[in-house]
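Please open the structure in your viewer and keep the sequence panel visible. The stops below are to be taken in order, with one selection at a time.

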Amino acid sequence: MRLDLRTILSQPGSSLPFSFSMDLSQLEWNGSRPAPEPVQVSGTVDNEAGALTLRCKMSAVLRLNCDRCLKPFSREKQISYETLLAPELEREDSDDIVLLEDGCVLDAGELLREVFLLSLDTRYLCSEDCKGLCPGCGADLNVEPCRCQKQVDPRLAPLAKFLAPED
């Protein structure tokens with residue numbers, strides 16, 4: 001979505017509200033497609049004493065796989081974002097200010113797509129206390145106990161016999 005800010009650029013105190021749906025269904029993240037449904041975006045661009053400020057909220061329902069137990073689950077994701085906009089920059093190294101195209105156009109779709117991507121976590125868990133899978137037998141430790149036979153280190157086998165209770 002491209003926003004033409006010409007109407008508010010020269011009018012301090014003015015505001016331009018916007019809302020749109022952002023399709024990120026083709027986005028791949030850690031081997032899955034976390035946003036099969038559109039991300040809802042709403043916000044405003046405000047001219048505050050000649051300075052343009054973008055404020056918005058994004059919400060989506062993410063469809064994920066737990067990184068410990070691999071079970072699929074859903075989680076709502078809410079993102080708030082705010083930044084300054086400028087028709088031109090005096091210094092090119094200003095990372096916290098977004099430069100407008102042609103001095104008056106903001107490609108909100110592209111900007112907010114990047115913001116959404118950068119806000120995704122590197123790891124998702126179905127719950128904070130997820131126990132995951134046993135690396136030996138593959139049992140889901142949230143549902144069942146480990147089925148592995150306890151292996152005795154061969155170097156400690158004589159000690160295990162010594163400590164074993166006699167019948």
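The tour begins with the whole chain and then moves to single elements and residues.

**Before selecting anything**

This is a predicted model, in which local features need pLDDT of at least 70 and side-chain atom pairs count only at pLDDT 80 or more, while totals for chains, interfaces and linings use all residues. Residues are numbered from 1 along each chain as its sequence is written, and side-chain values use heavy atoms, with hydrogens and water left out.

**Stop 1: the whole chain**

Display the chain as a cartoon and colour it by secondary structure. The chain holds three helices and seven strands; here helices (H or I, at least four residues) and strands (E, at least two) are DSSP runs, numbered from the N terminus. From one end of the sequence to the other, the order is β-α-β-β-β-β-β-β-α-α. The radius of gyration is 26 Å, well over the 15 Å that the globule rule gives for 167 residues, so the chain is more spread out than a compact globule. That radius is taken over C-alpha atoms, and the globule rule is 2.2 Å times the number of residues to the power 0.38. Rotate the model to find its principal axes, along which the C-alpha trace spans about 95 × 35 × 25 Å.

Next, show the surface. About 11,100 Å² of the chain is exposed, and carbon and sulfur atoms supply 51% of this area; the areas come from the Shrake-Rupley method with a 1.4 Å probe, and for residues only the protein chains shown count as cover. Of the 167 residues, 33% count as buried. Buried means under 20% relative accessible area, exposed means over 50%, and partly exposed lies in between (1.4 Å probe, protein chains only).

**Stop 2: the largest nonpolar core**

Select L106 and L112. Of the 36 residues in the largest nonpolar core, these two touch the most other members. A nonpolar core is a set of buried Ala, Val, Leu, Ile, Met, Phe, Trp, Tyr and Cys residues joined through side-chain atoms within 4.5 Å. Which elements give two or more residues to this core? They are β2 (15-22), β3 (39-48), β4 (51-65), β5 (72-86) and α2. Strand β4 provides the largest share, seven residues.

Now keep L112 and show its surroundings. Not counting residues up to four places away in sequence, L112 touches F18, F20, M22, V41, C56, M58 and Y81, where contact means heavy atoms within 4.5 Å.

**Stop 3: helix α2**

Select residues 108-119, which form helix α2. Its 12 residues reach 16 Å from the first C-alpha to the last, close to the 16 Å expected at 1.5 Å a residue; the expected span is 1.5 Å times one less than the number of residues. Colour A108, G109, L111, L112, V115 and F116, the buried residues of α2. Viewed down the helix axis, these buried residues fall within an arc of 165°, so they line one face of α2. The arc is that of the directions from the helix axis to the C-beta atoms. An α-helix has 3.6 residues a turn, so residues three or four places apart point the same way.

Then isolate A108, which lies in α2. A108 counts as buried at 1% relative accessibility. Beyond its neighbours within four places in sequence, A108 is in contact with M1, L3 and F20. Draw a distance from A108 to L54: their C-alpha atoms are 9.5 Å apart, although 54 residues separate them along the chain.

**Stop 4: T53 and E48**

Select T53 in strand β4. Is T53 buried or exposed? T53 is buried, with a relative accessible area of 4%. Its contacts, leaving aside neighbours within four places, are T44, V45, D46, E48, E82, T83 and L84.

Move to E48, in strand β3. E48 counts as partly exposed at 37% relative accessibility. With the same neighbours-within-four rule, E48 is in contact with T53 and R55. The C-alpha atoms of E48 and G13 are 5.5 Å apart, with their positions 35 residues apart in sequence.**Stop 5: two loop residues**

Most residues other than glycine have a negative phi, and most peptide bonds are trans. Select A49, in the loop between β3 and β4. A49 has a positive phi of about 55° although it is not a glycine, and A49 counts as exposed at 77% relative accessibility.

Finish at L70, in the loop between β4 and β5. L70, also not a glycine, has a positive phi of about 70°. L70 is exposed, with a relative accessible area of 56%.
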